[in-house]
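These notebook entries record what I looked up in one structure. I set them down in the order in which I turned to each topic.

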Amino acid sequence: LRSLSRSRPLVLVLHDIHLADESTLAVARSLVGTLDGCQLLLVLTRRSQDGPVERQLRALLAEIDLAHGVTRIELEPLVRAEVRELADQVLPRPLTEEDFERLLKRSEGVPLFVEELAAQAPGELPRSLQEMVMARCARLSPDARTLVECLAVAVPSLTHRLVADVAALRVVQVDAAIAEVLDSDLVRTHGDSY
């Protein structure tokens, strides 16, 4: 990269580093530390509070923040009007108000989710989102996957006690699995429900 950047400016993007393994984070750390003075723009993208290496990622981000020439840009979810605008750009015809409300709720303002969900028939989950969810599930322990499977069919939610009963796991297993599932950002809490 140093050699290439002598002849022309380079842009290197490490996308979704919240899903990176420790080796990839080590590479990112070394790039920030050793390529100072190069014609290189290093772009790291991530979702906050997400991924299996969050602790290591926070340490990397703290180091990066101390480096010279670093700009951190925090992106917030799209607001209602922005979701409407993006959906209108993606779709050949405007959504009904009911379909728009469903899209707004399901996408939580995440542009990728807005685009993918807007292009699907109501009730369907786009293939790319299925693959993203399945990739996260594959990294979970067997007990945590069991809980995700139970919660996946819950409409709209399950209480902690009901999750434990349905999953047929011991209390110690349920507590550890719930902590893992919440860390994966596949499930959220609402009071005592998931």
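Entry 1, a surface position. I began with valine 13, which counts as partly exposed because its relative accessibility is 46%, a value that falls between the limits of 20% for buried and 50% for exposed. I note here that the model is a predicted one. I then located valine 13 and found it in strand 1. I next asked which residues make a nonpolar surface patch with Val13. The patch is made by Val11, Val13 and Leu41, and I recorded about 280 Å² for it.

Entry 2, strand pairing. I looked up how strand 1 (residues 10–14) is joined to strand 2 (residues 40–44) and found five bridges. The two strands run parallel. Opposite leucine 12 I found leucine 42, a residue of strand 2. I then followed the chain from strand 1 to strand 2 and saw that it passes through helix 2 (residues 22–34). I recorded this β-α-β crossover as right-handed.

Entry 3, backbone angles. I looked for positive phi values in residues other than glycine and noted aspartate 16, with phi near 55°. Aspartate 16 sits in the loop that lies between strand 1 and helix 2. I entered aspartate 16 as partly exposed, since its relative accessible area is 27%. I made a second such entry for glutamate 108, which is not a glycine and yet has a positive phi of about 55°. I placed glutamate 108 in the loop between helix 5 (97–107) and helix 6. Its relative accessible area is 44%, so I entered glutamate 108 as partly exposed.

Entry 4, helix 6. I asked which residues of helix 6 (residues 111–118) are buried. I listed Phe113, Val114, Leu117 and Ala118. These residues lie on the same side of helix 6, because they cover an arc of only 115° around the axis.

Entry 5, helix 8. I put the same query to helix 8 (residues 142–152) and listed Ala144, Leu147, Val148, Cys150 and Leu151 as its buried residues. Their arc around the axis is only 160°, and therefore they too are on the same side of helix 8. I finally asked which residues are exposed on the other side of helix 8. There I found Pro142, Glu149 and Ala152.

Definitions and conventions:
Residues are numbered from 1 along each chain as its sequence is written. This is a predicted model: local features need pLDDT of at least 70, side-chain atom pairs count only at pLDDT 80 or more; totals for chains, interfaces and linings use all residues. Side-chain values use heavy atoms; hydrogens and water are left out. Two strands pair if DSSP finds at least two bridges between them. A crossover is right-handed if, with the strands pointing away from the viewer, the path from the first strand over the helix to the second runs clockwise. Buried means under 20% relative accessible area, exposed over 50%, partly exposed in between (1.4 Å probe, protein chains only). The arc is that of the directions from the helix axis to the C-beta atoms. Patches are made of residues with over 30% relative accessible area and no salt bridge: like charges are joined within 9 Å, nonpolar side chains (Val, Leu, Ile, Met, Phe, Trp, Tyr) within 5 Å. Accessible areas come from the Shrake-Rupley method with a 1.4 Å probe; for residues, only the protein chains shown count as cover. A salt bridge is a side-chain nitrogen of Lys or Arg within 4 Å of a carboxyl oxygen of Asp or Glu.
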